[in-house]
Amino acid sequence: MLRRRWLLADQLGPHFLDDPDQPVLLVEIRELFRQRPMHRQKAHLILSAVRHRAAELGDRALLLRTDTFREALAQVAEPVEVCHPHSRAALRFARSVPALTVLPPRGFVTSQADFAGWADRARRGPLRMTDFYRYARRRHGVLTAPTGGAGPARRPRDEGRDTLAAPPPPPPIVEDDIDAEVRRELDRWAADGVRFVGRDGPRRHPATHAEAQARLEHFLTHRLPEYGRYADVMSADDPLFAHSVLSSSFNLGLLDPEPAVRAAEQAWRAGTAPRTAVEPFIRGLLGWREFLWQLYWYVEPRFRGASWLAATEPLPYWFAELDADAVEARCLADVLTAVRDQAWTHHVPRLLVLGNYALQRGWRPTEVVDWFQRCFVDGTDWVMNATVLGMSQYADLARVDTRPYAVDGTDIDEISDYCAGCRYVPERALGDLACPYTGGFESFLHRNRERLVADPRLAAELARRDEPEHREAVLAQEEKRGSSPP
């Protein structure tokens, strides 16, 4: 008898099945959506993806809607197996069910054994993504020719918007009866007291492997060639630039990263995309994504805690509720609007605008992590713990990054077109026109000076801003501003 394969909600692609005749189990637990406010579009995407997978599999799929996973498993007559879950809590549950067989992980290129072998050899110093990426490229034979430089990011206002020829729009997401059913159900849940944040659809992200594959092929053809130049640029006019917007598709398991890596590499070998574009895209999948996943399982979660960088303030209501209309700072208003309306923005606004502001204001790291997990369609435990705690909030004992990801308004101005249309002046730290990021950065440095003086870059930044009268004025100004919307 074939075991029934339980497909979790982040294991929905064809690479999570082996036998074309294998029966499948899919489970929906409403209580998971009731526990804490989730972005409405994220909830829609998860339910839509699960139900679309059930519809694709037809009679092979058993879709159960129960109060608990244990209750669902009790309704299955056959032996059940599941691929290694993507969170510690889910893995603990799976191992607690006597009749449930847990298979090795899927959806990643490097095995846990290979990573552990590399990490054990590298433990003489901190584990760094750059070192792991070099290892992964050698281990999997990716981009074996000499590497070129990616070149500097370009400001859209300096070069002109027409330097990046507008690519054709990606294949549209066409909602169907399943999406309509999900929307009606979420409306009923909301009426029954299940709370969501953010605005409703239409659905903007793939819910099937076919939709995700079409978006990937479009990206490889039309956006990948410019990825190296524009991946780190922010613009109010074009929030996508050269990005694929497929992070949720990889994290739902709709796409397997290894074929995507190979396809990008083939674009370089075929001459349709330069190595300076292909390399950073592959580094994101084979380097960062793999490194974060492996680190999640290799190292027990620890972080310095709320007191490490004077981070004791609760997340303010306006930020938690995505109230972009309350914000005057153009960059933060625009990025928060994107989260409210689309549940997504690319990695630079996440770090330089959202995370940077939270870090400067001293918001509690665990609350910031929880916000990112709930409010982004690609928010998962293994990603957000590392990127938000480690990179953005610098609260994980420097396991992911070596310094706080803190910058002032002039740095935001360098890679965006936001400041030109903003009431605040990025060079100013004091006064009515002072940029909240510039004043906030200085305040952050002074509040945490004893913890940051060992970092050469931040020590130099402190030295430039250490005139006593100016320092006290900035600290007083930013204390008054606090966590109110800038």
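In this predicted model, helix α12 passes helix α13 in a left-handed crossing. The two helices, α12 spanning residues 257-269 and α13 spanning residues 275-298, pack at an angle of about 165°, and their axes are 9 Å apart. Because angles over 145 degrees count as roughly antiparallel, α12 is described as roughly antiparallel to α13. On the α12 side, the contact is made by P257, A260, V261, A264, E265 and W268. The α13 side contributes R275, V278, F281, I282, L285, L286, R289 and E290. By class, the residues of this contact between α12 and α13 comprise 10 nonpolar and four charged, with no polar ones.

Helix α13 also packs against helix α6, which covers residues 129-140. The axes of α6 and α13 come within 9 Å and cross at roughly 105°. Angles of 65 to 115 degrees count as roughly perpendicular, and α6 and α13 are therefore roughly perpendicular to each other. From α6, the residues in contact are M129, F132, Y133, A136, R137 and H140. From α13, they are R275, E279, I282, R283, L286, G287, W288, E290 and F291. The contact of α6 with α13 divides into eight nonpolar, two polar and five charged residues. R275, I282, L286 and E290 of α13 are among the residues that take part in the contact with α12, and these four are also among those that take part in the contact with α6.

The count of salt bridges in the model comes to 38. One salt bridge is formed by R40 and D200, whose closest N and O atoms are 3.5 Å apart. This pair links distant parts of the chain, with the two positions 160 residues apart in numbering. R40 belongs to helix α2 (residues 40-57), whereas D200 is placed in the loop between β7 (196-197) and α9 (209-222). The loop between β7 and α9 also holds P202. A cis peptide bond joins G201 and P202, with omega at about 10°.

A further backbone feature occurs at V245, in the loop between α10 (227-230) and α11 (247-251). Phi of V245 is near 55°, a positive value in a residue other than glycine.

Q477 is located in helix α23, residues 468-481. A polar atom of the Q477 side chain lies 3.0 Å from the backbone nitrogen of G431. Leaving aside residues up to four places away in sequence, Q477 touches A429, L430, G431 and A434.

How values were computed
Residues are numbered from 1 along each chain as its sequence is written. This is a predicted model: local features need pLDDT of at least 70, side-chain atom pairs count only at pLDDT 80 or more; totals for chains, interfaces and linings use all residues. Side-chain values use heavy atoms; hydrogens and water are left out. Axes are lines fitted to C-alpha atoms, for helices over the stretch in contact, and angles run from 0 to 180 degrees between N-to-C directions. Angles under 35 degrees count as roughly parallel, over 145 as roughly antiparallel, 65 to 115 as roughly perpendicular and the rest as oblique. A crossing is left-handed if the near helix is turned anticlockwise from the far one by less than a right angle, and right-handed if clockwise. Contact means heavy atoms within 4.5 Å. Ala, Val, Leu, Ile, Met, Phe, Trp, Tyr, Cys and Pro count as nonpolar, Asp, Glu, Lys and Arg as charged, and the others, Gly among them, as polar. A polar contact is a pair of N or O atoms within 3.5 Å; within protein, one must be able to donate a hydrogen and the other to accept it, and residues adjacent in sequence count only if both atoms are side-chain atoms. A salt bridge is a side-chain nitrogen of Lys or Arg within 4 Å of a carboxyl oxygen of Asp or Glu.
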